[in-house]
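Thank you all for making time this morning. I would like to walk through one structure with you, going element by element, so please have a look at it before I begin.

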Amino acid sequence: MDDVRSQHAQGADAAASMQHMQLLLDVSRNVAALDSLDAVLDALVAVAAEQTDADRATLYLDDPETGELYSRIAQGIGRRQIRLGRNEGIAGTVFKEGRALIIDDAYSDERFMSRFDSETGFKTKTILAAPIRTPKGKVIGVIQVLNKTDGIFSDKDRETVEAITAQCAITLESLQLIERMEKSQARESAFMNVVSDITSELELPNLLNKVMSEAARLLNAERSTLFLND
């Protein structure tokens, strides 16, 4: 009888292992077929929430230019961007320490930032947060899954989320770099167009108006003022 039970247990473990490997293979294939950062982020939060039986998920990436973590993808609130410091909240703690956290009661944890619940109307109860690492060990972001449907998050859930993000970390880092380069090139192109436009203007009043309007546009400002020394 014990031998039969042992064989059944080994068979169940083997089946679970095969299912896990198939999941990771599917994730890798699906992500490899995507060509934008937003699409990859959408896919990751969806599969992470589904595989951990969570209500929703949020993925934060590091922004080296500002020293913040930002999320463009947060299930339940659309494309609204969330930004927080690298040391703020549960996500900041996970990013800084480089290890996953399982929180059984969000509001009893002093690191939890309840203001996001106040802003969105969502009630966070349980949290699983894990770092997103490149193969070289660099932490480039954090994924959070919120409110397990039945009970609390387990170590198995943590392992699943870590495995999913590990499969996609290289793609995330590459697309993030490409996006930064595209934004930088767009800014440089806009600046060169401004320079060309300004240098072609011979009348001082028109030149000053162009300088002020373009400065406000490039800096996303409401208005600008230019002072000259008399």
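**A strand pair, two helices and two rings**

Let me start with A57, which stands opposite V145 in strand β6, and please keep in mind throughout that what we are looking at is a predicted model. The strands concerned are β1, residues 54–63, and β6, residues 139–148, and they pair in the antiparallel sense over seven bridges. How much of β1 is covered? Nine of the ten residues in this strand are buried, so to speak of β1 as mostly covered is fair.

Moving to helix α2, which runs over residues 37–51, we can check its length: at 1.5 Å a residue, its 15 residues should span 21 Å, and because the end C-alpha atoms are indeed 21 Å apart, the two values agree. The buried residues in α2 include L37, V40, L41 and L44, and further along the helix V45, V47, A48 and A49 are buried as well. After α2 comes D53, whose phi is positive, near 55°.

In helix α5, residues 155–199, I would point you to T160. Is T160 buried or exposed? Its relative accessibility is 10%, and because buried means under 20%, T160 counts as buried. The side chain of T160 also reaches the backbone oxygen of K156, at 3.0 Å.

Finally, the rings: R56 lies over the face of F122, at 3.8 Å from the ring centre, while K123 lies over the face of Y107, at 3.9 Å from the ring centre. As for rings paired with each other, the structure holds one aromatic pair.

Technical notes. Residues are numbered from 1 along each chain as its sequence is written. This is a predicted model: local features need pLDDT of at least 70, side-chain atom pairs count only at pLDDT 80 or more; totals for chains, interfaces and linings use all residues. Side-chain values use heavy atoms; hydrogens and water are left out. Helices (H or I, at least four residues) and strands (E, at least two) are DSSP runs, numbered from the N terminus. Buried means under 20% relative accessible area, exposed over 50%, partly exposed in between (1.4 Å probe, protein chains only). A polar contact is a pair of N or O atoms within 3.5 Å; within protein, one must be able to donate a hydrogen and the other to accept it, and residues adjacent in sequence count only if both atoms are side-chain atoms. The expected span of a helix is 1.5 Å times one less than its number of residues. Two strands pair if DSSP finds at least two bridges between them. Rings of Phe, Tyr and Trp (its six-membered ring) pair if their centres lie within 6.5 Å; planes under 30 degrees apart count as stacked, over 60 as edge-to-face and the rest as tilted. A charge sits over a ring if NZ of Lys or CZ of Arg is within 6 Å of the ring centre and within 35 degrees of the ring normal.
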